Amino acid sequence: TEIQTQAFVGSVRCVQETAIIQYSQNDILPINLTSLIVSHWSNPKLQEITRRAISYKAMCWKGTATFYSGNVYTGSMRNGKMNGDGKLVWKNGIVYEGKFRANKISGRGLYKWPDGTSYEGEVLDGIRNGKGTFINPKEGYQYCGEWKNGLRDGKGVLTYQIEGLQDIVTGYDGMWKDGKKCGFGKYTYPSGNIYEGEWFDNKRNGQGTMYWYLSLIHI
């Protein structure tokens with residue numbers, strides 16, 4: 001049920017919505033968009049347009065809105081909601097730029113976190129869902145592949161950047177389920193050893209082959 005909430009004295013209203021915003025690999029937090037009620041617009045005329053959008057279907061415009069929460073949205077709007085291409089900047093430094101649909105982050109976009117972590121790819125209701133790439137430079141890894149409900153799920157490649165191992169690509173290339181290695185996959189260890197076979201619950205499980213890397217020593 002949509003609840004009309006008064007956002008401006010005497011005129012402008014905002015529709016209450018609930019969205020899910022993902023802050024990190026495992027944290028999935030509900031965000032009530034009533035905190036995104038506008039405190040002021042970049043263009044005062046947008047106040048009147050927003051009021052009219054409650055009554056007329058297809059009212060579209062572009063602009064910048066600063067919310068009471070301190071968040072700032074810049075981009076397309078439709079019927080008083082964030083819709084289309086836009087950029088949302090949270091006061092804690094998180095930035096999302098990409099597609100919005102009726103106040104929800106859905107489509108394809110780019111998330112950037114203050115610590116340098118980023119995600120670029122498909123999003124559904126604010127959660128990584130579909131194909132995309134997650135990069136964590138601080139911990140030195142990236143994942144490129146499929147996601148479901150914010151977790152690695154499907155086919156994907158997880159690689160690590162380990163100092164001094166430029167000739168060895170360390171990581172896992174294979175199937176995932178609920179954020180864990182599950183199914184057939186290939187894992188290359190920092191030593192150069194390789195396991196190729198079945199996995200379950202992040203562990204080697206089932207049939208597989210182990211290859212040991214032997215470095216050549218010149219005397």
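A salt bridge is a side-chain nitrogen of Lys or Arg within 4 Å of a carboxyl oxygen of Asp or Glu. The exercises below use a predicted model, in which local features need pLDDT of at least 70, side-chain atom pairs count only at pLDDT 80 or more, and totals for chains, interfaces and linings use all residues. Residues are numbered from 1 along each chain as its sequence is written, and side-chain values use heavy atoms, with hydrogens and water left out.

**Exercise 1.** Find the salt-bridge partner of Lys155 and place both residues in the chain.

Step 1. Lys155 pairs with Asp173, at 2.7 Å from N to O.
Step 2. Strands here are DSSP runs of E with at least two residues, and helices are runs of H or I with at least four residues, numbered from the N terminus.
Step 3. Lys155 belongs to strand S14 (residues 151-160) and Asp173 to strand S15 (residues 170-177), so the salt bridge ties together parts that are 18 residues apart in sequence.

**Exercise 2.** Decide whether Lys155 and Asp173 are buried, partly exposed or exposed.

Step 1. Buried means under 20% relative accessible area, exposed means over 50%, and partly exposed lies in between (1.4 Å probe, protein chains only).
Step 2. Lys155 has a relative accessible area of 40%, so Lys155 is partly exposed.
Step 3. Asp173 has 35%, and therefore is partly exposed.

**Exercise 3.** How many salt bridges does the structure hold, and how is the one between Asp85 and Lys99 placed?

Step 1. The count is three salt bridges.
Step 2. In one of them, the side chains of Asp85 and Lys99 meet at 2.8 Å, N to O.
Step 3. Asp85 is in strand S8 (residues 81-89) and Lys99 in strand S9 (residues 95-101); the pair links distant parts of the chain, 14 residues apart.
Step 4. Asp85, at 45% relative accessible area, is partly exposed, and Lys99, at 37%, is partly exposed too.

**Exercise 4.** Describe the salt bridge between Asp201 and Lys180.

Step 1. The N to O distance is 2.8 Å.
Step 2. Asp201 sits in the loop between strand S17 (194-200) and strand S18 (203-211), while Lys180 is in strand S16 (residues 180-188), 21 residues apart.
Step 3. Asp201 is partly exposed at 36% relative accessibility, as is Lys180 at 37%.

**Exercise 5.** Count the disulfides and classify Cys144 and Cys182 by accessibility.

Step 1. A disulfide is a covalent bond between the sulfur atoms of two cysteines.
Step 2. The cut-off applied is a pair of cysteine sulfur atoms within 2.5 Å.
Step 3. By this rule there are zero disulfides.
Step 4. Cys144 has 40% relative accessibility and so counts as partly exposed; Cys182, at 23%, counts as partly exposed.
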